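Ready for a few exercises in reading a protein structure? Keep the viewer open, try each task yourself, and then compare your reasoning with the worked solution.

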Amino acid sequence: MYEFFFFFQAEDGIRDAQESRGLGDVYKRQFTYVIHACKTCHQDALGYRGSLQGTHPNYLIYENGSNLYLNMVDMERELLPLYTNPIMFAAMKFLDRYINKHKILIHCNQGFSRSPSIVLLYCARKKIIPSTSVSYTHLRAHETPEHLVC
């Protein structure tokens, strides 16, 4: 039986160098491994503003120790597999590598789409939830106020 705790939390305070305004400080003390599914964290980690050149070796993915930074943004139209496949593959690989030994925080800007999508995919891949009926609604049905148990 699998027992995982996934936190879908907005980035409030997670990126701040000093103690800050949000729950991010609480989570930073509890988690040593983090998947940052947001462009702003990717920008901060690589030290750029605006857009990074598509030819940059870390254009989509940057792993630095216990942090995986994904250059992800919410789009009104579906993203091309050229972008989504490497990003999701990197997230699955990171989870596979560390989930048995470490608590992993997965966050995005709002906690509504990118971080839950990564968790849904992971749960479906591990057959924790049926892949034929995977939906955000299904996953939210198992949510408790602070965490999600798959």
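The exercises below concern this model, which is predicted.

**Exercise 1. Work out how strand E5 (67–70) is paired and covered.**

Step 1. Begin with strand E4 (61–64). E4 and E5 run antiparallel and are joined by four bridges. Two of the pairings can be picked out by name: Asn 64 has Asn 67 as its bridge partner, and Ile 61 has Leu 70.

Step 2. Look at the connection. E4 and E5 make a hairpin with two residues between them, and Gly 65 in the turn has a positive phi of about 65 degrees.

Step 3. Turn to strand E3 (33–36). Here the pairing with E5 is parallel, over three bridges. In E5, Leu 68 is the bridge partner of Ile 35.

Step 4. Check the two faces. In a regular strand, side chains alternate between the two faces of the sheet. On one side of E5 sit Asn 67 and Tyr 69, on the other Leu 68 and Leu 70; all are buried, and both faces are covered.

**Exercise 2. Describe the largest nonpolar core and find which element gives the most to it.**

Step 1. Find the well-connected members. The core has 25 residues, and those touching the most other members are Ile 35, Leu 70, Leu 95, Ile 104 and Ile 118.

Step 2. Trace the elements. E3, E5, H3, E6 and H4 each give two or more residues to this core. H3 gives the most, with seven residues.

Step 3. Zoom in on one member. Beyond its neighbours within four places in sequence, Ile 35 contacts several residues, among them Leu 68, Leu 70, Ala 91, Phe 94, Leu 95, Ile 104 and Ile 118.

**Exercise 3. Classify the aromatic pairs Tyr 33–Phe 94 and Tyr 62–Tyr 69.**

Step 1. Recall what is needed. A pair of aromatic rings is described by the distance of the centres and the angle of the planes. The structure holds four aromatic pairs.

Step 2. Take Tyr 33 and Phe 94. Their ring centres are 6.3 Å apart and their planes stand at 50 degrees, so this pair is tilted. Tyr 33 belongs to strand E3 and Phe 94 to helix H3 (residues 81–98), so the pair links parts of the chain 61 residues apart. Both partners are buried: Tyr 33 has a relative accessible area of 14%, and Phe 94 one of 0%.

Step 3. Take Tyr 62 and Tyr 69. With centres 5.9 Å apart and planes at 25 degrees, the pair is stacked. Tyr 69 counts as buried, at 14% relative accessibility.

Step 4. Look for a cluster. Tyr 33, Phe 94 and Tyr 98 form one.

**Exercise 4. Decide whether Cys 41 and Cys 108 are in a disulfide or in none.**

Step 1. Set the criterion. A disulfide is a covalent bond between the sulfur atoms of two cysteines. The cut-off here is a sulfur pair within 2.5 Å.

Step 2. Apply it. The count comes to zero disulfides. For Cys 41, the nearest cysteine sulfur is that of Cys 38, 3.0 Å away, and Cys 41 is in no disulfide. Cys 108 is in none either: its nearest cysteine sulfur, also that of Cys 38, is 7.4 Å away.

Step 3. Add the surroundings. Cys 41 is buried, with a relative accessible area of 2%, and Cys 108 counts as buried at 1%.

**Exercise 5. Establish how enclosed helix H4 (residues 114–125) is, and test its length.**

Step 1. Count the buried positions. Nine of its twelve residues are buried, so H4 is largely enclosed by the rest of the structure. Among them are Arg 114, Ile 118, Leu 120, Tyr 122 and Cys 123.

Step 2. Test the length. At 1.5 Å a residue, H4 should span 16 Å; its end C-alpha atoms are 17 Å apart, which agrees.

Step 3. Look past the end. Just after H4, Lys 127 takes a positive phi of about 60 degrees.

**Exercise 6. Place Tyr 59 and list its contacts.**

Step 1. Locate Tyr 59 in the loop between H2 and E4. At 25% relative accessibility, Tyr 59 counts as partly exposed.

Step 2. Leaving out residues up to four places away in sequence, Tyr 59 touches His 42, Leu 52, Gln 53, Gly 54, Asn 71 and Tyr 83.

Step 3. Compare chain and space. Tyr 59 and Asn 71 are twelve residues apart along the chain, with 7.1 Å between their C-alpha atoms.

Definitions and conventions:
Residues numbered from 1 in each chain as written. Predicted model: local features only at pLDDT ≥ 70, side-chain atom pairs only at ≥ 80, totals over all residues. Heavy atoms only, no water. Contact = heavy atoms within 4.5 Å. Buried < 20%, exposed > 50% of the residue type's maximum accessible area, 1.4 Å probe, protein only. Phe/Tyr/Trp six-rings, centres within 6.5 Å; stacked < 30°, edge-to-face > 60°. Pairing = 2+ DSSP bridges. Expected span 1.5 Å × (residues − 1). Core = buried A, V, L, I, M, F, W, Y, C linked by side-chain atoms within 4.5 Å.
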